[in-house]
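Biologist: I would like to learn how to read a fold from its coordinates. Where should we begin?

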Amino acid sequence: MNTRKILVVSSDTELNGIIKISALTLTKLNCQVSITETAVQETALKESGVVNLDLIIIDLDEKKFDPLILIKDIRSNGDSKIKKIISVYSDKADKDETYKAGCDSIMSKSEFKKAVNNILKF
């Protein structure tokens, strides 16, 4: 069985909880998902370079650091240039700037919550 490794960069406990519950549900359905969580920019940058990381989910609502700078830093690292990055937000986000930073997909947290099982699976 292949394990999908996902990095979640958020201090939003509700968002993190939904991702953990979805990962647990998928594991019970024979789809192994491993979650690494952090709300620290330096840790996120380090973890994004892990060779077998499949997906990075970044909360644009994060107040401890600028998520767009983190996305740019991740994209500038040779080991993580091609990794999929999904950004989520609560109210509004500058989608053009987020895409320019190097994000692959942007969605509201409510959209993300509806699709989280499919996102983690693929």
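Modeller: Begin with a cut-off: a residue counts as buried when its relative accessible area is under 20%, and as exposed when that area is over 50%. Keep in mind that this is a predicted model.

Biologist: Take Val-8 as a trial: is Val-8 buried or exposed?

Modeller: Val-8 has 1% relative accessibility, so it counts as buried. Val-8 belongs to strand β1. Leaving out residues up to four places away in sequence, Val-8 touches Asn-16, Ile-19, Ile-35, Thr-36, Glu-37, Thr-38 and Ile-57.

Biologist: How do I read a sheet? In what order do the strands lie here?

Modeller: Look at which strand pairs with which. The 5 strands form an open sheet in the order β2-β1-β3-β4-β5, with parallel pairing. β2 (33-38) and β5 (105-108) are at the edges with a single partner strand each, so one side of each has no neighbour in the sheet. On average, neighbouring strands are turned by 20° against each other, direction ignored.

Biologist: How many bridges hold the pairs that involve β3?

Modeller: β1 and β3 run parallel and are joined by 4 bridges, while β3 and β4 pair in the parallel sense over 5 bridges. As for partners, Leu-7 has Ile-56 in β3 as its bridge partner, and Leu-55 stands opposite Lys-84 in β4. Towards the edge, β4 and β5 pair over 4 bridges, also in the parallel sense. There, Val-88 stands opposite Met-107 in β5.

Biologist: Which way do the side chains of β3 point?

Modeller: In a regular strand the side chains alternate between the two faces of the sheet. In β3, Leu-55, Ile-57 and Asp-59 point one way, Ile-56 and Ile-58 point the other way, and all are buried. With 5 of the 5 residues of β3 buried, the strand is largely enclosed by the rest of the structure.

Biologist: Now the helices. Which residues of α1 are buried?

Modeller: An α-helix has 3.6 residues a turn, so residues three or four places apart point the same way. In α1 the buried residues are Leu-15, Asn-16, Ile-19, Ser-22, Ala-23 and Leu-26. Seen down the helix axis, the buried residues of α1 fall within an arc of 125°, so they line one face. Thr-13, Ile-21, Leu-24 and Lys-28 are exposed on the other side of α1.

Biologist: What covers the buried residues of α1?

Modeller: The cover includes β1, β2, β3, β4 and α5. As for length, α1 has 16 residues and reaches 22 Å from its first C-alpha to its last, close to the 22 Å expected at 1.5 Å a residue.

Biologist: That leaves the interior. How many residues are in the largest nonpolar core?

Modeller: In soluble globular proteins, nonpolar side chains tend to be buried together. The largest nonpolar core here has 17 residues, and those with the most contacts inside it are Ile-6, Ile-19, Leu-55, Ile-57, Phe-112 and Leu-120. At least two residues of this core come from each of β1 (4-9), α1 (13-28), β3 (55-59), β4 (84-89) and α5 (109-121). Another core, of 16 residues, lies apart from it and includes Leu-7, Leu-53, Ile-71 and Ile-106.

Biologist: What is Phe-112 in contact with?

Modeller: Neighbours within four places in sequence aside, Phe-112 is in contact with Leu-15, Ile-19, Ile-57, Val-88, Met-107 and Ile-119.

How values were computed. Residues are numbered from 1 along each chain as its sequence is written. This is a predicted model: local features need pLDDT of at least 70, side-chain atom pairs count only at pLDDT 80 or more; totals for chains, interfaces and linings use all residues. Side-chain values use heavy atoms; hydrogens and water are left out. A nonpolar core is a set of buried Ala, Val, Leu, Ile, Met, Phe, Trp, Tyr and Cys residues joined through side-chain atoms within 4.5 Å. Buried means under 20% relative accessible area, exposed over 50%, partly exposed in between (1.4 Å probe, protein chains only). Contact means heavy atoms within 4.5 Å. Two strands pair if DSSP finds at least two bridges between them. Axes are lines fitted to C-alpha atoms, for helices over the stretch in contact, and angles run from 0 to 180 degrees between N-to-C directions. The expected span of a helix is 1.5 Å times one less than its number of residues. The arc is that of the directions from the helix axis to the C-beta atoms.
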